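I opened my notebook to record what I looked up in this structure. I kept the entries short.

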Amino acid sequence: MRLVLSVLLLIILALMVWRSALVPGPAMAYPLVVSLCAFAAVLTLTILSLRKARVPVLSPLGDVRPTPVGWGRLAGFILLWIAYVALLDTAGFMLATWLALALSLALLGGRPTVRAALGTAVFVGVFAVLIKSVLYVPVPSGWLDDKLDFLLYSLS
């Protein structure tokens, strides 16, 4: 079962790499690097699992047989992160990342909380400031990203 899920995840990640490569300009860097790293990690774990190495295979399911609700959450989680890559172009990095993280926490936790939503908003805000002012990594730009750029450059 793990092998089937790993291959399915590899296919999804390959589609994400392909979709990320279609992002125009330097905004392609962030989603392409993230999806390539995820693909490489899953491919490595899958190969090690096939070779029956003594390395634990990290699986979202582990050795537990999920309930129908668990399968629904897993499917929702996968679809959510596929939508994240597609949403980056239109919504921008900050909004798309916040939505993806907040909804992921809601899916994994069972219900959304205001605290989790606010916490992820603060995390994404701090992360975006670091990306734009320290690391200089080009990310897809949306309305919030443009406002942050304006704020950062007006302060300097």
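The entries below go from the whole chain to helix pairs and then to single residues.

**Entry 1: the whole chain**

I noted first that this is a predicted model. I then looked up the elements. The chain has six helices and zero strands. Read from the N terminus, the order is α-α-α-α-α-α.

Next I asked what share of the 156 residues is buried. The figure is 28%. I also looked at contacts between residues at least 6 apart in sequence. Of these, 58% join residues at least 24 apart.

**Entry 2: helix α2**

I picked helix α2, which covers residues 29–50. It has 22 residues. From its first C-alpha to its last it reaches 31 Å. That is close to the 32 Å expected at 1.5 Å a residue.

Which residues of α2 are buried? I found Tyr 30, Pro 31, Leu 32, Ser 35, Val 42 and Thr 46. I then looked up what these buried residues pack against. The partners are α1 (2–21), α3 (68–91), α4 (93–109) and α5 (114–135).

I also checked Leu 50, which lies in helix α2. Leu 50 is exposed, because its relative accessible area is 52% and the cut-off for exposed is over 50%. Its C-alpha is separated from that of Leu 3 by 8.1 Å, and the two are 47 residues apart along the chain.

**Entry 3: α3 with α4**

I turned to helix pairs. The axes of α3 and α4 come within 8 Å and cross at roughly 170 degrees. Angles over 145 degrees count as roughly antiparallel, so α3 and α4 are roughly antiparallel to each other.

I listed some of the residues that meet here. From α3 they include Phe 77, Leu 80, Trp 81 and Tyr 84. From α4 they include Phe 93, Ala 96, Leu 103 and Leu 107. I looked up the classes too. The contact of α3 with α4 has 16 nonpolar residues, three polar and one charged.

Leu 74 lies in helix α3. Is it buried or exposed? Leu 74 counts as buried, because its relative accessibility is 14% and the cut-off is under 20%. The C-alpha atoms of Leu 74 and Leu 108 are 8.7 Å apart, with their places 34 residues apart along the chain.

**Entry 4: α4 with α5**

The axes of α4 and α5 come within 9 Å. They cross at roughly 145 degrees. The crossing of α4 past α5 is right-handed.

Which residues make the contact? On the α4 side I noted Met 94, Trp 98 and Leu 105, among others. On the α5 side I noted Thr 120, Phe 123, Gly 125 and Ile 131, among others. By class, the contact of α4 with α5 has 14 nonpolar residues, three polar and no charged ones.

**Entry 5: α5 with α6**

Helix α6 covers residues 143–155. The axes of α5 and α6 come within 11 Å and cross at roughly 55 degrees. That angle makes α5 oblique to α6. The crossing of α5 and α6 is right-handed.

Ala 128, Val 129, Lys 132 and Ser 133 come from α5. They meet Asp 145, Leu 148, Asp 149, Leu 152 and Tyr 153 of α6. The contact of α5 with α6 divides into five nonpolar residues, one polar and three charged.

**Entry 6: Ile 12**

I went back to helix α1, where Ile 12 lies. At 12% relative accessibility, Ile 12 counts as buried. What does Ile 12 contact, leaving aside neighbours within four places in sequence? I found Ile 78 and Ile 82.

I looked up one distance as well. The C-alpha atoms of Ile 12 and Ser 35 are separated by 9.9 Å. The two are 23 residues apart along the chain. Ser 35 is already in my list of buried residues of α2.

**Entry 7: Ala 27**

Where does Ala 27 lie? It is in the loop between α1 and α2. With 16% relative accessibility, Ala 27 counts as buried.

Not counting residues up to four places away in sequence, Ala 27 touches Pro 138, Val 139 and Pro 140. I also noted Gly 92, which is 65 residues from Ala 27 in sequence. In space the two are 9.6 Å apart, C-alpha to C-alpha.

How values were computed. Residues numbered from 1 in each chain as written. Predicted model: local features only at pLDDT ≥ 70, side-chain atom pairs only at ≥ 80, totals over all residues. Heavy atoms only, no water. Helix = DSSP H or I, 4+ residues; strand = E, 2+ residues; numbered from the N terminus. Expected span 1.5 Å × (residues − 1). Buried < 20%, exposed > 50% of the residue type's maximum accessible area, 1.4 Å probe, protein only. Contact = heavy atoms within 4.5 Å. Axes fitted to C-alpha atoms, helices over the stretch in contact; angles between N-to-C directions. Parallel < 35°, antiparallel > 145°, perpendicular 65-115°, else oblique. Left-handed = near helix turned anticlockwise from the far one by under 90°. Nonpolar A, V, L, I, M, F, W, Y, C, P; charged D, E, K, R; others polar.
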